[in-house]
Amino acid sequence: MSDFAIKLTDGKAAIYTPYNKTFVEKIKLMGARWNASGRCWVIDEYSVPDARAAMREVYGRDDLPVSETVDVELTFERSVYGCKEPVTILGRTIASAYGRDSGARIGDGVMFLEGKPHSGGSVKNWETVVPEGCVVKLPKLPKMATEAADLPDGVTMRILGEGIDRSALEEEKAKLLARIAVIDAILNA
């Protein structure tokens, strides 16, 4: 996901993230104010480490580049409901409805391998529903998000394999080879 950013200007930080109710609650407790025109939260610059910690807790990542990712498969052994909100797991919106009869949209970076989400509930208390029997794949999920996973009851997680950021590893390799060349030069002097 490229929706994560923190921009510093004049002692303030603009925080850009996908919408998540829990993150909104946390960032408000840090004194953040919503900037409607910029579509971001604004906090004091000194609060950035706390904002990043909240991002990692809620989304499983922050605004810094992610080099280690995994593909995850979620199996829904029970239905999961979002009452007047999306169903969010491991920092990703799995599905979101906007009313009882709206149906449900599949979230970005989410694939339903079996089953499909829908909407339900009543007109006033509508729900996003991911029904029992669904199997969902979340590709390229930051590994950090899986390490302290807090899954809803009846949802199991299986890590399919580790994704690798090839360019980051090649860059690290080049730096290490350059350092080895310096060490060899010192040892051979």
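**Two unusual loop residues and the chain around them**

K84 sits in the loop that links β6 (80-83) and β7 (87-89). In this predicted model, the backbone of K84 takes a positive phi of about 60 degrees, even though K84 is not a glycine. As for its surroundings, K84 is partly exposed, and its relative accessible area comes to 45%.

R39 tells a similar kind of story. R39 isn't a glycine either, yet its phi is positive, at about 50 degrees. The place to look for R39 is the loop between β3 (33-35) and β4. R39 counts as exposed, since its relative accessible area is 63% and the cut-off for that label is over 50%.

Next comes a helix, α1, which covers residues 21-29. Its buried residues are F23, V24 and I27. Looking down the axis of α1, these buried residues fall within an arc of 100 degrees, so they line one face of the helix. And what lies over them? The cover for the buried residues of α1 includes two strands, β2 (12-16) and β4 (40-44). Helix α2 (48-59) is also part of that cover. Strand β4 therefore turns up twice in this account: it helps cover the buried residues of α1, and it stands at one end of the loop that holds R39, a residue that is itself exposed.

Stepping back to the whole chain, there are four helices and 14 strands to keep track of. The C-alpha trace spans about 80 × 40 × 25 Å along its principal axes. The radius of gyration of the chain is 20 Å, whereas a compact globule of 189 residues would come in near 16 Å.

Contacts give another view of the fold. Taking those contacts in the chain with a separation of 6 or more, 62% are between residues 24 or more positions apart. Of the 189 residues in the chain, 33% are buried; F23, V24 and I27 of α1 are among the buried ones.

On the outside, the chain has an accessible surface of about 11,600 Å². Carbon and sulfur atoms account for 51% of that surface. Charges come in both signs: there are 25 positive side chains and 28 negative ones. The centres of these two sets lie 5 Å apart.

Terms used. Residues are numbered from 1 along each chain as its sequence is written. This is a predicted model: local features need pLDDT of at least 70, side-chain atom pairs count only at pLDDT 80 or more; totals for chains, interfaces and linings use all residues. Side-chain values use heavy atoms; hydrogens and water are left out. The radius of gyration is taken over C-alpha atoms; the globule rule is 2.2 Å times the number of residues to the power 0.38. Buried means under 20% relative accessible area, exposed over 50%, partly exposed in between (1.4 Å probe, protein chains only). Contact means heavy atoms within 4.5 Å. Accessible areas come from the Shrake-Rupley method with a 1.4 Å probe; for residues, only the protein chains shown count as cover. Lys and Arg count as positive and Asp and Glu as negative; His and the chain ends are not counted. The place of a charge is taken as NZ of Lys, CZ of Arg, CG of Asp or CD of Glu. The arc is that of the directions from the helix axis to the C-beta atoms.
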